[in-house]
Amino acid sequence: MIDVEQIAQKVDDAARMAQAIPQISHDDVVLSLQQAYDIQGLSIARRIARGEAVVGIKMGFTSRAKMVQMEVHDQIWGRLTDAMQVEDGGEVSLTRFIHPRIEPEVAFLLKEPLHHKMSLQDVTAAVAAVAPALEIIDSRYQNFKFSLTDVVADNSSSSAFVIGPWTDPMEDLSNLGLVMSFDGGARQIGSTAAILGNPYRSLVAAARLADAAGLTLRPGFIVLAGAATAAEVLPSRCHVSLEMQSLGRVEISSVD
């Protein structure tokens, strides 16, 4: 029998103490997707009990190539809390993480609640602002090895994020060029087209998935639309910047 409360405590402790744990799924334990989301919710509830507040969600598997690689047919999501946000231009200590990686994203700020069965036009109208963003992902599992349900239980690997200046929403975000650089050298070059062909489609999926989980994406919430390129291992003492066409720049520095 799977004890979701016990597993949630293990995942939360691993994140809080930055100590890797064996993956949950193995020959004797098979988590369902619902159990994985239950574990995620219970783990985040422990953070809320310590004083954190949920400020939005992040989307995962918004790349068609990643979906094929993982043999999945839908997106996944995780929760963002205020303690995970790092100030634009600020520093983040790598002691918070186990094996951190960083990736470029588009962030949305909501002015209207999202709900099930919203169209592309509906979600576009619900956005107050957009911004370039960087997300630090950090699987709590040893050797960065996990199954689909393992990663969902682990808050879809979400660990920290930084958001650049908010700007008025653009109707067309479907093909904005971007460059993510380490210490001034380009490491990933891509386009927002990698996010389901249009980042607004990620909002449609977010509305559907959150509604199914009983979570209301309310005004003031942030939604990270998903990675626009492959993630890069985040080294120590590194300045990371993201330049995104029409949306501007966001940056962060890692420290020991």
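**Group meeting: a five-stranded sheet, a helix pair and one cavity**

Good morning. I begin with a single pairing: Ser181 has Ser241 as its bridge partner in strand E12. Please keep in mind throughout that this is a predicted model.

Ser181 also has a counterpart in strand E9, where Ala186 stands opposite. Let me place these residues in their strands. Strand E8 covers residues 177-182, and strand E12 covers residues 239-244. E8 and E12 are antiparallel and share five bridges. Between E8 and E9 there are six bridges, and this pairing is antiparallel as well. As a general point, the strands of a sheet pair through backbone hydrogen bonds, in either a parallel or an antiparallel manner.

What lies between the two strands of the hairpin of E8 and E9? Two residues separate the strands, and within this hairpin Asp183 adopts a positive phi near 50 degrees.

I now turn to the whole sheet. It is open, comprises five strands and follows the order E4-E13-E12-E8-E9. Its pairing is mixed. Which strands form the edges? They are E4, at residues 91-93, and E9, at residues 185-191, each of which pairs on one side only. On average, neighbouring strands of this sheet are turned by 20 degrees against each other, with direction ignored.

At the E4 edge, the partner is strand E13, residues 248-255. E4 and E13 run parallel and are joined by three bridges. One residue to inspect here is Ser93, whose bridge partner in E13 is Val255.

My second topic is the helix pair. Helix H1 spans residues 4-17 and helix H2 spans residues 33-49. How do their axes meet? The axes come within 8 Å and cross at roughly 55 degrees. The two helices, H1 and H2, are therefore oblique to each other. The crossing in which H1 passes H2 is right-handed.

This brings me to empty space. In general terms, rolling a probe the size of a water molecule over the atoms shows where such space is left. How many cavities of 30 Å³ or more does the structure hold? There is one. The largest cavity has a volume of about 40 Å³.

Both helices take part in the lining of the largest cavity, each supplying at least two residues. H2 gives the most, with four residues. The complete lining consists of Val11, Ala15, Gln40, Ser43, Ile44, Arg47, Arg140, Ala153, Asp154 and Asn155. By character, these lining residues divide into four nonpolar, three polar and three charged.

To close, I return to the two themes: an open sheet of five strands with mixed pairing, and a largest cavity to whose lining H1 and H2 each supply at least two residues. Thank you for your attention.

How values were computed: Residues numbered from 1 in each chain as written. Predicted model: local features only at pLDDT ≥ 70, side-chain atom pairs only at ≥ 80, totals over all residues. Heavy atoms only, no water. Pairing = 2+ DSSP bridges. Axes fitted to C-alpha atoms, helices over the stretch in contact; angles between N-to-C directions. 1 Å grid on protein atoms, 1.4 Å probe; cavity = no way out; pocket = protein on both sides within 12 Å on 5 of 7 lines; lining within 4 Å. Points joined across faces, edges and corners; volume = space filled by probe spheres on them. Nonpolar A, V, L, I, M, F, W, Y, C, P; charged D, E, K, R; others polar. Parallel < 35°, antiparallel > 145°, perpendicular 65-115°, else oblique. Left-handed = near helix turned anticlockwise from the far one by under 90°.
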